[in-house]
Every structure is written in C-alpha cells, then in structure tokens.
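Trainee: Please take a close look at one part of this model, the packing of its nonpolar interior, and describe it in a single connected account.

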Amino acid sequence: MPDIVLSTLNAKYIHAAFGLRYLLANLGDLRDRACIVEFDLNQRPADVAEVLLARNPRIIGIGVYIWNAHLSTEVVQVLKRVAPEVILIVGGPEVSYETEQQTICQAADYVITGEADLKFAEVCGQILCGEPPARKVIPADLPSLEKLALPYDFYNDKDVSSRIIYVEASRGCPFTCEFCLSSLDIPVRAFPIDDFLAALEKLLRRGVKHFKFVDRTFNLNLHTSKAILEFFLARHEPGMFFHFEMIPDRLPEELREVIARFPAGALQFEVGIQTFNPEVSTRIKRRQNYQKLADNFRFLRGHTGVHLHADLIVGLPGEDIPSFVRGFDELVSLGPQEIQVGILKRLRGTPIVRHDAEWEMIYSPFPPYEILRNKALSFDELQKMRRFSRHWDLLVNSGNFVESAPLIWRHAKSPFRAFLCFSEWFFAQTGRNHGIALGALAELLFAFLTAELGLEPKVTANTIYRDYQRGGRSDKPAALRPYLAEDTSPREQKVAMGTPKRQARHLAIAQA
C-alpha cells in the first residue's frame with residue numbers, strides 16, 4: 001500500500017493529469033512509496049473518496065483546477081469527515097491564490113501554492129518523518145527547470161494508447177494580459193532542449209502519435225520552436241498530430257519554411273487573439289500587431305496545411321457588442337477552421353479585477369467564474385453570446401457541417417449577425433444548447449436555410465447530406481430525403497488515418 005496517493009478529477013477520461021506526473025517524477029526517494037489515482041468529473045465524490053481510502057494512504061495530494069474545484073471541495077470534505085487521520089495536501093492553480101476565501105483550503109491540512117514540483121516532495125518528507133510543517137499555506141519557490149525530473153516515463157501504456165499526451169518545452173509567458181494566470185509567470189523558462197527531445201524520442205518509440213504542447217508561447221524562442229518542429233518533421237509518419245499554442249503576430253521566415261513542409265492535418269495552432277479592439281487590448285495590457293497577425297493567418301491558410309483554432313473573448317472591459325462583431329467578422333475573413341468564442345472568466349489571482357469598479361464587472365461566484373454582466377454588456381446580451389458560442393461550436397467548429405454551415409452567412413454583410421439570427425432561431429425551436437443528435441441538427445439547419453433564408457431545398461439538402469456523410473454515416477435524415485440525389489454514396493476520405501476526427505472533417509472539405 002502506498003504512503004502517498006496523488007489524485008485529481010480530470011475534465012474527461014481522455015485527459016491525463018500532467019501535473020501529477022511531475023509530482024511523482026520529482027518525489028525522489030519517496031517515489032516508490034507513491035502512486036497516481038485519477039478520476040473524472042462524472043464520478044461521485046463519495047465514490048472517489050472510497051477508492052482513495054482503499055489504498056490506505058498516509059498522505060493524499062489533490063490537484064485543484066477551475067474545472068474540478070467544486071467536486072474537489074466535496075471530495076476533501078468527505079475525506080476529512082470519514083478519515084481525519086489522513087493528511088490532505090491540495091495544490092494547483094485554483095488554490096494558489098485567494099486561499100483564505102476557499103472552503104477546500106480550510107478543510108485541507110496543507111495548501112501548496114505555485115509550482116509544487118519540488119515542494120510537494122519536501123512537505124511529504126517532513127510529514128512522513130514526523131516533523132510536519134508549522135504553516136498550513138506553503139508557497140513553493142519557482143523551481144529551476146534544469147533541476148526537475150521530466151514526467152514522461154510516468155505515462156503508462158494505457159495513457160499512450162488512449163489518452164492525450166501533454167508535453168511542455170517551456171513555462172511562463174512574456175506578456176501581461178490581465179485575464180490570464182500566465183501573466184503572473186514571468187519570465188519564460190525553458191527546459192534543456194536536448195533532454196526534452198530525448199524524452200520525446202522515447203514517447204515516439206512507445207507509439208505516441210498525438211502530442212499536445214501546453215507552452216503558452218511556443219513560438220517565442222525561434223531556436224527552440226524550430227528545433228522541435230524539425231525534430232517532428234524528420235520523424236513524421238501518417239496519423240501524427242501536434243498541437244501548439246502560438247503567438248499570433250510572431251511567425252518569422254525560418255518558422256514559416258519548416259511549417260510549410262508538414263503534411264496537411266499534422267499541425268494544429270491554437271492562436272489566442274482575444275480582441276481586435278486596440279483600445280481594449282491596451283486596457284488589459286495585451287500587446288499584438290494586428291497587421292502581422294493578419295499576414296500570418298493568410299500565410300498559414302494559403303500556403304500550409306495547418307489547422308487553425310483561434311480564440312476570442314466576450315466580456316473584456318469596454319468591449320461592447322458592435323466592437324466584438326467587427327472583430328469576429330474580421331477573424332472569419334481570415335479563415336481559421338475553428339473560432340472559439342470564450343466568455344471572460346475571473347481567474348483567481350489575475351489582475352483583471354482592477355477593472356471591476358470602473359466597468360461594473362459582475363462575475364458568477366461559482367467556477368468557472370464567468371462574467372454575468374458589465375457596463376458594456378447586459379446579462380441578456382451575455383446569455384445570447386453564450387448560446388452563440390455553443391451553437392457555433394456545434395455547427396462550425398465541430399466540422400460536422402463544414403460545407404453547409406457557411407451558407408448561413410454566405411450572402412450576409414456580417415457573419416456574426418447572420419449566425420446570431422440562426423442561434424436565436426435555433427434556441428427558440430429547441431430550448432437547448434446541447435444534447436441534440438446529429439440527424440436532428442441536420443434537419444434544423446435545413447429548416448433554417450430553406451424556410452428562413454429561402455435557399456433552394458434540393459441544393460441545400462444535398463450540401464448538408466455531403467457533410468452528414470463525412471462522419472461515415474449512411475442513414476438519411478427524414479427532412480432531407482425527398483430532395484436527395486439518387487447517388488448519395490459516401491465520399492472517399494483522403495485524410496490520413498489517425499488525424500483527430502474534428503480536424504479531419506475540416507481537412508476533408510479542403511481536399512475535396
């Protein structure tokens with residue numbers, strides 16, 4: 001039985017807890033006395049506590065994040081009620097700030113704030129030696145990345161075969177965007193590149209084909225990002241997929257040349273734009289060159305096979321609906337395959353709170369602490385934007401209607417305004433934002449395009465059905481059947497096997 005159990009509740013089963021593997025890797029002499037036990041948000045707190053206590057540990061360490069804060073609090077409270085003798089240590093971004101206000105921090109025995117890779121081992125050693133720390137809240141010094149043991153050997157075979165494999169070449173961010181916790185993590189620190197690439201080599205030999213980099217600014221250091229891309233390019237096989245978070249206005253020629261050599265569908269860039277309003281951008285201390293951003297997007301869409309996922313945020317201080325509409329329409333014109341419309345969150349510790357009084361920022365008191373209203377946006381407007389975001393994800397980002405969804409705004413001056421009309425109509429018809437079968441979605445889209453926009457039924461039905469078939473479906477939604485051509489055999493998919501489904505759907509239409 002282990003003395004130390006490391007645990008967290010992942011958002012989904014396919015996510016592997018990256019932070020826990022760092023803690024385990026850096027336990028030193030205590031590593032053989034520890035294990036990882038992971039859960040997801042579908043499991044009941046009492047059941048989680050039962051599994052943890054069945055290991056008969058002396059210490060339980062729990063990683064707390066914005067997505068699991070509520071359930072983690074329940075787990076900790078249950079554990080302290082039924083097994084008060086077990087020492088509970090909590091850590092993670094959610095409990096690293098404003099700890100005195102949080103029920104989970106009050107219930108736990110210890111709270112480690114900051115990057116706990118090394119501090120957790122130190123605290124566990126003290127407890128197991130009978131010399132527990134005197135302080136409950138223990139700040140972790142920023143660890144030198146050269147001193148950290150890398151965690152990649154602690155992805156087991158099941159992780160490799162069926163879960164997302166997270167990696168990082170650096171930590172930190174050089175920017176000071178006030179809505180982001182990374183703005184507190186300056187400067188950027190890099191792992192020794194030779195050790196990191198050696199770890200990637202081992203993962204490749206174990207069969208890993210999908211890598212998700214969690215670096216906030218992967219393309220900040222030209223030498224490092226180029227070395228990593230060239231490493232993967234030299235070893236690329238069909239079905240490999242690499243995800244990076246990129247700075248939108250930094251793409252020098254040396255990187256462009258390497259990126260353009262990757263086959264279509266191998267790279268995904270997540271690009272945080274957040275706002276196209278320069279005044280708002282300045283207000284939240286976000287620096288970006290919009291002209292370079294646009295040029296980079298045009299290059300990536302016109303000369304590479306990169307899948308682009310771009311982020312915008314609703315609710316930033318001073319950004320009203322007309323401003324957001326202009327930014328959204330500009331982004332649509334640049335052609336990313338996915339646009340994530342996020343609602344502003346008040347993450348604990350972030351300096352966005354300095355705008356609360358001037359801009360009347362009112363946030364939900366419950367995770368994920370989304371904005372409810374502010375001086376520029378009413379509650380009703382933000383509710384419409386939440387629906388818009390969900391419906392855009394269902395229809396556009398999903399790739400399920402990659403050819404037919406753009407018909408909603410094809411002849412409109414504003415893609416945003418056109419899709420907002422669809423979103424409000426859709427909600428009026430269904431009263432729901434999720435849990436709708438794909439066939440029902442196809443029929444609703446057909447009804448809107450033909451009855452509301454007046455598009456020709458036969459052409460519209462066959463366009464929607466081509467989309468519908470790309471997922472390997474052969475049934476015919478009832479509303480489409482009278483208009484479908486006789487030859488409706490599934491179109492051949494040209495996408496490399498192993499490409500994630502969502503990205504594969506976008507790529508299939510690009511190659512059609």
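Mentor: What follows covers the nonpolar cores, two buried residues and one helix pair.

The model is predicted: local features need pLDDT of at least 70 and side-chain atom pairs count only at pLDDT 80 or more, while totals for chains, interfaces and linings use all residues. Residues are numbered from 1 along each chain as its sequence is written, and side-chain values use heavy atoms, with hydrogens and water left out.

A nonpolar core is here a set of buried Ala, Val, Leu, Ile, Met, Phe, Trp, Tyr and Cys residues joined through side-chain atoms within 4.5 Å; buried means under 20% relative accessible area, with a 1.4 Å probe and protein chains only. The largest such core has 116 residues, and the members that touch the most others are Phe211, Phe213, Phe232, Phe244, Phe269, Phe328 and Leu395. Helix 15 supplies the largest share of this core, eight residues. Apart from it lies another core, of 25 residues, which includes Leu9, Val37, Ala49 and Leu52.

Contact means heavy atoms within 4.5 Å. Leaving out residues up to four places away in sequence, Phe269 touches Phe244, Met246, Ile259, Leu300, Val306, His307, Leu308 and His309. Of these partners, Met246 lies in strand 11 (residues 241-246); helices (H or I, at least four residues) and strands (E, at least two) are DSSP runs numbered from the N terminus. Met246 is buried, with a relative accessible area of 6%. With the same sequence exclusion, the contacts of Met246 are Phe218, Asn219, Leu251, Phe269, Glu270, Val271 and Gly272. Its C-alpha atom is separated by 7.2 Å from that of Arg216, 30 residues apart along the chain.

Phe231, in helix 8 (residues 222-234), is buried too, at a relative accessible area of 8%. Phe231 touches Leu197, Leu200, Glu201 and Leu204, again not counting residues up to four places away in sequence.

Now the helix pair. The axes of helix 14 (residues 415-430) and helix 15 (residues 438-452) come within 11 Å and cross at roughly 120°. Axes are lines fitted to C-alpha atoms, for helices over the stretch in contact, and angles run from 0 to 180 degrees between N-to-C directions. The two helices are therefore oblique to each other, since angles under 35 degrees count as roughly parallel, over 145 as roughly antiparallel, 65 to 115 as roughly perpendicular and the rest as oblique. Helix 14 contributes Cys421, Phe422, Trp425, Phe426, Gln429 and Thr430 to the contact, and helix 15 contributes Leu441, Leu444, Leu445, Ala447, Phe448 and Glu452.

Notes:
Buried < 20%, exposed > 50% of the residue type's maximum accessible area, 1.4 Å probe, protein only.
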